[in-house]
Structures are given as C-alpha cells and as structure tokens.
Amino acid sequence: MTLAEYNAFCAALPATTHVVQWGGADVWKVGGKVFALGRDEVDGTLFVSFKCSPIAYEMLRDAPGCRPAPYLASRGMKWIQRFSEESLPDDAFRDYLRESHRLVAAGLTRKLRKELGLDG
C-alpha cells in the first residue's frame, strides 16, 4: 500500500478527518480521536500505526512486518505499527484499519456518534 492509497482508504471511512502533524505524519481521526497515523519513509516504505483489540495486538506484535507502535504501545495502549506486507497483506490491513476506526468511534460519546452519523 502506498501513502496515497492509505490516505484514500481512510478518507472513505465514515466521518473521518485528516491532519498532518507530529513531524509530517498523515493522521486520521474520527470524532477528533486518532485511529491511524502513517508516514512514508525516504525509501518509500509506509509505516502505519493503528489501534487494535487486545487479541489482535497479541497476534500481531511479533508478526514479521509488524511491531508494537512506538510511543503508543509503550504507554500500555493496544496499537500496532505495520511496516511491510510480510504477514499483513493489504486486504487484511484494510480490515484492521476499518476495525481501528470502529474501535475509536465506539469510544466516542453517544451524542457525538449521533452527530457524526455513526449511530443508527
């Protein structure tokens, strides 16, 4: 997946916003809360961190091409960083991005979810 494909995919998810912050990372939010952040390295490698369930975190943290997300996972959060397709091909990666969006949206207040059109 390229940075452009990552950004297009995240833009297509419901009620998302995009900002570039933290040293040039493409950060995607739902309801003002981050669900994915990506950075294209000089060699073209795309590094994307995303929220996941505790079970997914346990499965992915030692998988080739994935690691606990720097900074986020060290703070006890269940975030994974994908840096190659080795064990997480693009189709599966898109599923994890969708789930990250869902997990973050589920943590928003009911009122905000309704305002964003995420409930019902």
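**Close-up views of a predicted model**

**View 1. Strand 2 has two sides, and both are covered.** From strand 2, Ala25, Val27 and Lys29 point one way, while Asp26, Trp28 and Val30 point the other way, and all are buried. This is a predicted model. Strand 2 spans residues 25–30, and six of its six residues are buried. In a regular strand, side chains alternate between the two faces of the sheet.

**View 2. Strand 2 pairs with strand 1 and with strand 3.** Strand 1 (residues 16–21) is antiparallel to strand 2, with six bridges between them. Asp26 of strand 2 is the bridge partner of Val20. Three residues lie between the strands in this hairpin, where Trp22 has a positive phi near 55 degrees. Strand 3 (residues 33–40) also runs antiparallel to strand 2, joined by five bridges. Here the bridge partner of Asp26 is Gly38 in strand 3. The hairpin of strand 2 and strand 3 has two residues between the strands, and Gly31 takes a positive phi near 60 degrees.

**View 3. Six strands form an open sheet.** The strand order is 1-2-3-4-6-5, and the pairing is antiparallel. Strand 1 and strand 5 (66–68) are the edge strands, each pairing on one side only. On average, neighbouring strands of the sheet are turned by 20 degrees against each other, direction ignored. Strand 3 and strand 4 (residues 46–51) run antiparallel and are joined by five bridges. Arg39 stands opposite Phe47 in strand 4.

**View 4. Two helices lie across strands of the model.** Helix 1 (residues 3–12) lies across strand 1, strand 2, strand 3 and strand 4, and runs at about 10 degrees to strand 2. Helix 3 (residues 90–106) lies across strand 1, strand 2, strand 3, strand 4 and strand 6 (79–82), and runs at about 40 degrees to strand 4.

**View 5. Aromatic rings form pairs and a cluster.** The whole structure holds three aromatic pairs. One of them is the stacked pair of Phe47 and Phe83, with 5.9 Å centre to centre and 20 degrees between the planes. Phe47 is in strand 4 and Phe83 is in the loop between strand 6 and helix 3, so this pair ties together parts 36 residues apart in sequence. Phe83 is partly exposed, with a relative accessible area of 29%. The ring centres of Phe50 and Tyr96 are 5.8 Å apart and their planes are at 40 degrees, so this pair is tilted. Phe50 in strand 4 and Tyr96 in helix 3 are 46 residues apart. Phe50 counts as buried at 0% relative accessibility, and Tyr96 counts as buried at 18%. Phe50, Phe93 and Tyr96 form one aromatic cluster. The charged end of Arg82 sits over the ring of Phe93, 4.2 Å from its centre.

Conventions
Residues numbered from 1 in each chain as written. Predicted model: local features only at pLDDT ≥ 70, side-chain atom pairs only at ≥ 80, totals over all residues. Heavy atoms only, no water. Buried < 20%, exposed > 50% of the residue type's maximum accessible area, 1.4 Å probe, protein only. Helix = DSSP H or I, 4+ residues; strand = E, 2+ residues; numbered from the N terminus. Pairing = 2+ DSSP bridges. Axes fitted to C-alpha atoms, helices over the stretch in contact; angles between N-to-C directions. Contact = heavy atoms within 4.5 Å. Phe/Tyr/Trp six-rings, centres within 6.5 Å; stacked < 30°, edge-to-face > 60°. Lys NZ or Arg CZ within 6 Å of the ring centre and 35° of its normal.
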